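Let's take a friendly walk through a protein structure, one part at a time. Keep the picture at hand and look for each part as it comes up.

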There are 4 protein chains.
Amino acid sequence: MSVQRMKIGCAGLGRMGKRHALNFLQRTPRAELVAASTPDPVELEWGKQNLEPYGVRLYQNYDDMLKHEGLEAVVVASATAVHAEQAIKAINANKHVLCEKPLSTSVEVSQSVVDAASKKPHLKVMCGFSRRFDSSYRDAYNKMQAGIIGAPSILRSQTCDKLDPSGFFVAYAQFSGGIFVDCSIHDIDLTLWFFGAESKVKTVSAVGNTAVEPDLRKHNDRDNAVGLVEFHDGKIAYFYASRMMAAGQEDTTEIIGTKGKLAVNTQPQMNLVNVSDASGVRREIPQTYWDRFEHAFVTEANEFTEAVLEDKPLALQLSAAVQAVRIGAALQEAMISGKKISFDLSGNRVEAARL
Amino acid sequence: MSVQRMKIGCAGLGRMGKRHALNFLQRTPRAELVAASTPDPVELEWGKQNLEPYGVRLYQNYDDMLKHEGLEAVVVASATAVHAEQAIKAINANKHVLCEKPLSTSVEVSQSVVDAASKKPHLKVMCGFSRRFDSSYRDAYNKMQAGIIGAPSILRSQTCDKLDPSGFFVAYAQFSGGIFVDCSIHDIDLTLWFFGAESKVKTVSAVGNTAVEPDLRKHNDRDNAVGLVEFHDGKIAYFYASRMMAAGQEDTTEIIGTKGKLAVNTQPQMNLVNVSDASGVRREIPQTYWDRFEHAFVTEANEFTEAVLEDKPLALQLSAAVQAVRIGAALQEAMISGKKISFDLSGNRVEAARL
Amino acid sequence: MSVQRMKIGCAGLGRMGKRHALNFLQRTPRAELVAASTPDPVELEWGKQNLEPYGVRLYQNYDDMLKHEGLEAVVVASATAVHAEQAIKAINANKHVLCEKPLSTSVEVSQSVVDAASKKPHLKVMCGFSRRFDSSYRDAYNKMQAGIIGAPSILRSQTCDKLDPSGFFVAYAQFSGGIFVDCSIHDIDLTLWFFGAESKVKTVSAVGNTAVEPDLRKHNDRDNAVGLVEFHDGKIAYFYASRMMAAGQEDTTEIIGTKGKLAVNTQPQMNLVNVSDASGVRREIPQTYWDRFEHAFVTEANEFTEAVLEDKPLALQLSAAVQAVRIGAALQEAMISGKKISFDLSGNRVEAARL
Amino acid sequence: MSVQRMKIGCAGLGRMGKRHALNFLQRTPRAELVAASTPDPVELEWGKQNLEPYGVRLYQNYDDMLKHEGLEAVVVASATAVHAEQAIKAINANKHVLCEKPLSTSVEVSQSVVDAASKKPHLKVMCGFSRRFDSSYRDAYNKMQAGIIGAPSILRSQTCDKLDPSGFFVAYAQFSGGIFVDCSIHDIDLTLWFFGAESKVKTVSAVGNTAVEPDLRKHNDRDNAVGLVEFHDGKIAYFYASRMMAAGQEDTTEIIGTKGKLAVNTQPQMNLVNVSDASGVRREIPQTYWDRFEHAFVTEANEFTEAVLEDKPLALQLSAAVQAVRIGAALQEAMISGKKISFDLSGNRVEAARL
């Protein structure tokens, strides 16, 4: 008897594409990376060096890859702009889909993926919010579910990147959907996870500044932003996103309940080393979200594979990904317009005049 | 040659009054506590046991104490409702004044103390924002001034009390000015210190809930609140205040600059003990703000005394105390009304229609 | 072009055998687990469920596995008592060998493996001291090599297991070589790594007690032990080993130099979660060395494979493994005899009379 | 009714003398510093500036101070060489005595103080082991007494000074009694406290090196030392002392029991500030034992005063101070001679031949 493995293809071999491809190739025992596609010649060359020798077929064209003999699933790790299109094509071709976040920076486009998926209920379609697969967040979630903090009432969460002196994020801002959609989307997703997907937003407020990159204003973006989300059931979430951390990646979350508090990563650390010298005691911290979440991505790949092979439920619903974009976009709008935005219980906007 | 000591009287012998009285009696070498006043018989009895044997004269009536032979200064540590009145009487009687925070929960009344003091420029009149005297905050401030975090841009600060199961804070809410004036006032003062007293508020937004004490709504208050303050120069401060911490007092501040971050008390601790047992590794944390700031109050008493005796500048300007109440009251209003409030550069409100 | 992979067999499918087998099967891309052997029917059944479906051939007899067509390497993960014998057989059969620690609890038997390996210089033969592959220890080592702590002078290291209430370690004590050979061997190996393999022991002293398991005395063992090693160049290492930690595994190391200190894992933690509740702030810690060093074992498997395939030097010399057993055995003897033991620069014992 | 205060004189106004004098003057409400003595003109001048204005009478001659009208107690804070002589003179003059540690570097001389005190049972005579008054150590002790770590079995403790580049400690070594008597004496005292004063030493072993100051060998001393103490009841204590810490003072203690562990100051810190910059996250640590134990000295002064005024038992027995010197001196001898030293249950040495 030989083991059953899921045949998967990887769309895109950029920064995240390479990682997903290698994860499915080397660290997902029940998956078999059979194909990868990219229109980019440099990425293609990387594939020739790193994937082809292991039997992975390379395609320049995504549509061709979808026709790969026996292909069962696709991980969409291309540019955000084509996430939704590629995901929908895969769904229509009857492939299971693991799509990098966000589905789209547009709520409507994001919803179109959900609509496509809803017509193929036998397919597993998931948006890859990696923190849902992180062992620390899971431990916190399980402890909350076990009741040790009483009723969760307040969630504080931040996604703060180390300053990239190349300023890449300035150019990227025109595609990113803005700092709340690009960075805080993870914190928003955590909120929907910890507070429950059924949580209804009542109001959003936000402010931001450009402490290091004034040019971001050209794209209606900021390099530091704080957002405040109030839910109809009284719960509150507040977020901080930044592009200018000096020491490294600082992704921290606290869930405060009536009987206790769960804190995740309030003291970031790269590893278990402390250095004492004349300046004091010092530790280094993760430089990127990959340093912090590498193992979560591996777990994601393995769990997606298992869900497909054994028809198990996915760790998160696709609709949550749309809701996260919706909240992120509202925060971005609140920040840029300077206005507080309100919603009724059905999710429709309430005019300021009616407040 | 014998040392010169400042003769001071203490108004009020309640929770804070006792502490101030003992600090000036026992831990402020250059001060001499000569008098104390309280209309409360229980407090008076405490004074007889603990102050009189050391030569402190007790008064039932504040006005009588002001006439105490040789009295040079007064520490006002009575109920908030009479802070301003007693401070102004002392100023008019040519006494130096250290007044517990807040001057008043009303901006106008607070301002009246400043007005009285401005007519007596030879007097030292200070509002006791104890964190300004805390060694950790001072170290952080000095490091910021030395430039090690570049330009400060974002300040996060929280004042979170351990849940008092007696619910005292519910009854107190009718006098407290609300959670932002009672708790966040410290975080607001820190903001004015770290960002500079000249910082001009542009907008405030706030939300709150009653996770443990719905009765607070009767007094237009909440037990958890998050506030967002945007300054005209682009700086941002955001605050969290809570009445329901399970483990103890959690007063934490982060100042984020373009080149680094200063964090104060992100890992609270009662002492230096860690306990390992079957549940993991555990430390206890301060139970009250006194556990956390006891030594800051001692420093405050000593520095106030030195400023009086040597005519040195005070650590903080009285006007900052009014500005802190102004911001706290605006946050409280924003929370209760659900509206974002805007100010122009002169500090006048901007109508929503003009936004 | 297809990738070259190293064909490896796993001897033993007990606790560590299972882990090594799965690591080579699933987490070592350039290795191919082709065979496994165990005389134990339960272990064999586990292999049928977990290895055979992936094409791994199972053997009841180790000698038969050595004849497996194309086998290039063996990971010896059987009982300590047969480590040396199986390693030597593999060497003689021209296989590369990764042998679990220790080679043997006997210095002489350990040396026999080195002797066998020295006759086959083309083979890669390594003893698996997993901490050499741990990212934190490596970071510390690199920092020390970069000179940031000046000259390393003192090393403190401990290997402390969570109390196993089954008392397995009591029965195991008759085979383990004693607590210094079983537990401190890792700390000794770290010492030889950080201080240099050429370090010459001058004296060893040790004491121990049986705080929880007096029965250990039957096997001349203890459940807590402290050892002191002095080197001829003046460097000092001291070790603590314990079987009774309440919270979990506590493997901590400090390297103290003339200009600084490197500390590894002085604050153990299972993950990045902190829980605040009425008892304070708490974190869980790793329960076993596997929780702590899982990723180090994966790195070990990958680096061993790479060394074989590309004829690269191994991360540690086989002779260091003999030296570690030598020091561990001397500490154990010092603890049981109550005598301090001295060595000359050639490693020969110095009689007490000559001290 | 006026409060009763204890009239105390301070012998010595050197580094520690100044501190004790100011503590009794300013931070010990129930004590009255009435006199101080020092033969040193510079110290005397300091006294004129800092003590005389508060009514403290200065003496050049200790014997003269003992005759000060109404003097009830003496704090001996002079050079170690005269501790015992001055303490005995004070006892004979019927004064209560708080003597800085150690009573003497000689066991016999230390014992002579105990002998003198035993003839005056109405006097309070205490050796100032400041850690006994530290709130963290007390919390740990109380938790141990409450049984939360089961039976204490192992104690690890270290006293590690920041490197003093002036090399003062080299010249001081001829008077200090050696690193175990000068530094580890605190750890030894803690051991006698946590394990019980009745603990009987079975063996001591020790090694040391001169990593930064080879000149210490002239005085039979070392700059780093590790000592191992085994008690007849099986308990074990091990100590590390160092003169070369790069970051500051690192005084750490762990008490390991059969059901848990108490750790004191395993993560030293100067205050609650953390700095994040490009090098990671950093905190400063105490630079001296005064930074670490300042408040313990204040508590010591207050409790000694209270014991005298209210005839309450002292926090520690004088005999423990002799036992601590005895163990420290044995460790020093073991380090210098290279020999393990054994004692029988009566505290007599056992010849090596009889081991």
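## A helix across the sheet

In this predicted model, a good place to begin is helix 1 of chain C, residues 15-26. Helix 1 lies across strand 1, strand 2 (31-37), strand 4 and strand 5 (96-100) of chain C. The direction of helix 1 is at about 165° to that of strand 1 of chain C.

Helix 10 of chain C, made of residues 289-310, packs on the sheet as well. Helix 10 touches strand 1, strand 2, strand 4, strand 5 and strand 6 of chain C. With the direction of strand 5 of chain C, helix 10 makes an angle of about 160°.

## The sheet itself

In what order do the six strands of this open sheet in chain C stand? Reading across, the order is 3-2-1-4-5-6, and the pairing is parallel. Strand 3 (57-59) and strand 6 (125-128) of chain C stand at the edges with a single partner strand each, so one side of each has no neighbour in the sheet. On average, neighbouring strands in this sheet are turned by 25° against each other, direction ignored.

You can also look at one pairing in detail. Strand 1 (residues 6-11) and strand 4 (residues 73-76) of chain C run parallel and are joined by four bridges. Try finding C:G9, which stands opposite C:V74 in strand 4 of chain C.

## Where chain B meets chain C

Now let's move to the contacts between chains. Here, 15 residues of chain B are in contact with 15 residues of chain C. The size of an interface is often given as the accessible area lost when the parts come together. For chain B and chain C, the buried area is about 1,100 Å², and carbon and sulfur atoms give 52% of it. How many salt bridges are found across the interface of chain B and chain C? The count is zero, while there are four residue pairs in polar contact (both at pLDDT 80 or more).

On the chain B side, strand 13 (273-277) and strand 14 (280-283) are the elements that give two or more residues to the side touching chain C. Strand 14 of chain B gives the most, with four residues. By class, this side of chain B has five nonpolar, five polar and five charged residues. Strand 14 of chain B is also joined by three bridges to strand 14 (residues 280-283) of chain C, and these two strands run antiparallel. Within this pairing, B:R283 has C:V281 as its bridge partner.

## Where chain B meets chain A

Chain B also touches chain A: 36 residues of chain B are in contact with 36 residues of chain A. Together the two chains bury about 3,000 Å², with 64% of it on carbon and sulfur atoms. There are two salt bridges between chain B and chain A. In a salt bridge between these chains, the side chains of A:E250 and B:K261 meet at 2.6 Å, N to O. Eight residue pairs are in polar contact across this interface (both at pLDDT 80 or more).

Which strands of chain B each supply at least two residues to the side that touches chain A? They are strand 7 (152-162), strand 8 (201-209), strand 9 (224-231), strand 10 (236-245) and strand 11 (250-257). Strand 8 of chain B gives the most, with six residues. The residues on this side of chain B divide into 14 nonpolar, 14 polar and eight charged.

Methods
Residues numbered from 1 in each chain as written. Chains lettered and ligands numbered in written order. Predicted model: local features only at pLDDT ≥ 70, side-chain atom pairs only at ≥ 80, totals over all residues. Heavy atoms only, no water. Contact = heavy atoms within 4.5 Å. Buried area = accessible area lost by both parts, 1.4 Å probe. Salt bridge = Lys/Arg side-chain N within 4 Å of Asp/Glu carboxyl O. Polar contact = N/O pair within 3.5 Å; in protein donor to acceptor, adjacent residues only side chain to side chain. Nonpolar A, V, L, I, M, F, W, Y, C, P; charged D, E, K, R; others polar. Pairing = 2+ DSSP bridges. Axes fitted to C-alpha atoms, helices over the stretch in contact; angles between N-to-C directions.
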